[in-house]
Amino acid sequence: MTDSVEKTVLPQHVAIVMDGNGRWAEQRGQPRHQGHRAGVDSVRSAVDLCGEKGIKVLTLFAFSSENWRRPRVEVNLLLDLFAITLQRETEKLHENNIRLRIIGNIAAFPEKLRQRIHKAEQHTRHNTALILQIAANYGGRWDIAQAARHLATQCQTGHLTVDQIDEQQMAQATSFGADIPDPDLLIRTGGEQRISNFLLWHSAYAELYFTDTLWPDFDEQAFESALTDYSRRQRRFGKTSEQLSCS
Ligand code: IPE
Ligand code: IPE
Ligand code: MG
């Protein structure tokens, strides 16, 4: 356990684009799925670190709405790995007082996986130490579109007027709902510097942190480095530095 980052400057919510599994495996002459498997260990270590630090929400990008374009074998392996990991890890998450939420268009998943997701969410729903959000078949544009659809339906049924639609209503209609704050820190591993349709609505003011470290190599020390970097940033939200130093 390390205390190098003070609690006061810790992000409340960290979101991560877990990229680089395939390259990690290729570098070792292994098939890509070995990289995805190794990536599960990094998920465990990131969850543990958030628990130790008292970070309240961790959102992990596990499968994007564009990842269906990959070869069928890889897609199937990723879905199997997701189902197996859910099955294996839910009890431990529950013991550690972690609430699991899956965000994304899960309607596209096989019925058995949907049931497993529902069961894991229900089982952990009252836990309070950490909210672990797994973004699966997630796309930022999908999230905004489904929120718009939801608000339109509410208008149609008379529960909302068009004039009442504002940023707050919109935010609540996204997959985060009313309770989850926007991410303070958005990390992307694997060297690419892009959002890849992740949290488009929610990352409006997230601090971005890009690292070349491939996801399976992203250990506690690498996570600590990202947190230290974050702790040195000045978040101005449109104000001037001078205004912030006066307050
Ligand atoms: C991220 O690793 C995991 C998923 C997208 C599911 P990649 O599989 O994209 O790894 P690279 O980018 O090919 O190395
Ligand atoms: C983003 O990684 C999605 C996940 C990490 C789940 P990709 O590897 O799919 O991103 P692009 O397509 O290279 O931008
Ligand atoms: Mg990638």
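Q: In this predicted model, at roughly what angle do the axes of helix α3 and helix α4 cross?
A: Helix α3 covers residues 72-95, and helix α4 covers residues 111-123. Their axes come within 10 Å, and they cross at roughly 10°.

Q: Are α3 and α4 roughly parallel or roughly antiparallel to each other?
A: Let's go back to the crossing angle, which is roughly 10°. Angles under 35 degrees count as roughly parallel. So α3 and α4 are roughly parallel.

Q: Which residues of α4 does α3 meet?
A: On the α3 side, the residues taking part are F82, A83, I84, L86, Q87, T90, E91 and H94. Their partners in α4 are L113, R116, I117, A120 and H123.

Q: How many residues in the contact of α3 with α4 are nonpolar?
A: Sort the contact by class and you get 2 charged residues and 4 polar ones. The nonpolar residues number 7.

Q: Which oxygen-containing partner, ligand 1 or ligand 2, has an oxygen atom 2.9 Å from a polar backbone atom of G22?
A: G22 is listed among the closest residues around ligand 1, along with D19, R23, R32 and R70. Side chains join in too: an N or O atom of D19 is 2.9 Å from an oxygen atom of ligand 1, and one of R32 is also 2.9 Å from such an oxygen. The backbone contact of G22 is with ligand 1.

Q: What share of ligand 1 does the protein bury?
A: Taken alone, ligand 1 exposes 380 Å². Of that area, the protein buries 87%.

Q: How far is a polar side-chain atom of N67 from an oxygen atom of ligand 2?
A: N67 is one of the residues around ligand 2, and so are D19 and R188. For D19, the distance from a polar side-chain atom to a ligand 2 oxygen is 3.1 Å, while for R188 it's 3.3 Å. For N67 it's 2.9 Å.

Q: What share of ligand 2 does the protein bury?
A: On its own, ligand 2 exposes 390 Å². The protein buries 78%.

Definitions and conventions:
Residues numbered from 1 in each chain as written. Chains lettered and ligands numbered in written order. Predicted model: local features only at pLDDT ≥ 70, side-chain atom pairs only at ≥ 80, totals over all residues. Heavy atoms only, no water. Axes fitted to C-alpha atoms, helices over the stretch in contact; angles between N-to-C directions. Helix = DSSP H or I, 4+ residues; strand = E, 2+ residues; numbered from the N terminus. Parallel < 35°, antiparallel > 145°, perpendicular 65-115°, else oblique. Contact = heavy atoms within 4.5 Å. Nonpolar A, V, L, I, M, F, W, Y, C, P; charged D, E, K, R; others polar. Near = heavy atom within 4 Å. Polar contact = N/O pair within 3.5 Å; in protein donor to acceptor, adjacent residues only side chain to side chain. Areas by Shrake-Rupley, 256 points an atom, 1.4 Å probe, with all protein chains shown as cover.
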